[in-house]
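Hi,

Here's the structure I promised to pass on. Have a look at it first, and then read on for what turned up.

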Amino acid sequence: MSCEHATDTRPGRARLLAAVEAALPVLGANMQASEALCTLPQPSVDALTAHGLLAMKCPAVLGGAEADPLTQMEVIEKVAYTDPAAGWCVCIGNGAISLIGAFLPEAGAARVFSGARPPRMAAAVMPGAALRVDGGYRVSGRWSWASGVRHAEWVGGVALVETTAGAAPEPVMMTFPRQTVTVHD
């Protein structure tokens, strides 16, 4: 059985594949440090960020590459082959940026995506709790896991918002600046 796939499905494909090749030496040189630190070392984070590999699933209107699925998989595979931890972070970080970007209202997107490049993101879907207050929500809880949170600039998490008495709480995706989040190892 044979199956043919398009080899150049998006204009940014060649750029992303070249970006991977440019980042690989740094990732390879820091792979052992990734394992020892249980997180990506800063040179690896910087290389992935500088080459746009943590924003390949981000829509172009928000500054990302808006890569097609075939390109995404090839990028993740090439990164993971050199440093499995970096491959995981590219996969998860891109999932977070696409999830958070999809749920942000226009005003939120303007705030979160206001920099010169798309921000690094982490997300957790296990719910916390939130109460409606004047001007927004008061969020509390402890999410079980958010890969990449140590190098994220924004963090997303689902919170269950109390509605009316006796009604089921409403799940809402919340987004926080990373510096407002306490990370428990």
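In which sense do strand β1 and strand β3 pair, and over how many bridges? Strand β1 (residues 121-133) and strand β3 (residues 154-161) run in the parallel sense, with 7 bridges between them. One spot to look for is G128, which sits opposite A159 in β3.

Before going further, some small print. This is a predicted model, where local features need pLDDT of at least 70 and side-chain atom pairs count only at pLDDT 80 or more, while totals for chains, interfaces and linings use all residues. Residues are numbered from 1 along each chain as its sequence is written, and side-chain values use heavy atoms, leaving out hydrogens and water.

Strands here are DSSP runs of E with at least two residues, numbered from the N terminus, and two of them pair if DSSP finds at least two bridges between them.

β1 also pairs with strand β2 (residues 136-140), this time in the antiparallel sense over 5 bridges. There, A130 faces V139 in β2. β1 and β2 make a hairpin with 2 residues between them, and G135 in the turn has a positive phi of about 85 degrees.

Now the cysteines. You'll find 0 disulfides (pairs of cysteine sulfur atoms within 2.5 Å). Why no bond for C58? Because its closest cysteine sulfur, in C91, is 16 Å away, which is too far. For C89 the closest cysteine sulfur is also in C91, at 9.8 Å, again too far for a bond. C58 counts as buried (under 20% relative accessible area, 1.4 Å probe, protein chains only) because its relative accessibility is 0%. C89 is buried too, at 13%.

Cheers

Note on methods
Buried means under 20% relative accessible area, exposed over 50%, partly exposed in between (1.4 Å probe, protein chains only). Helices (H or I, at least four residues) and strands (E, at least two) are DSSP runs, numbered from the N terminus.
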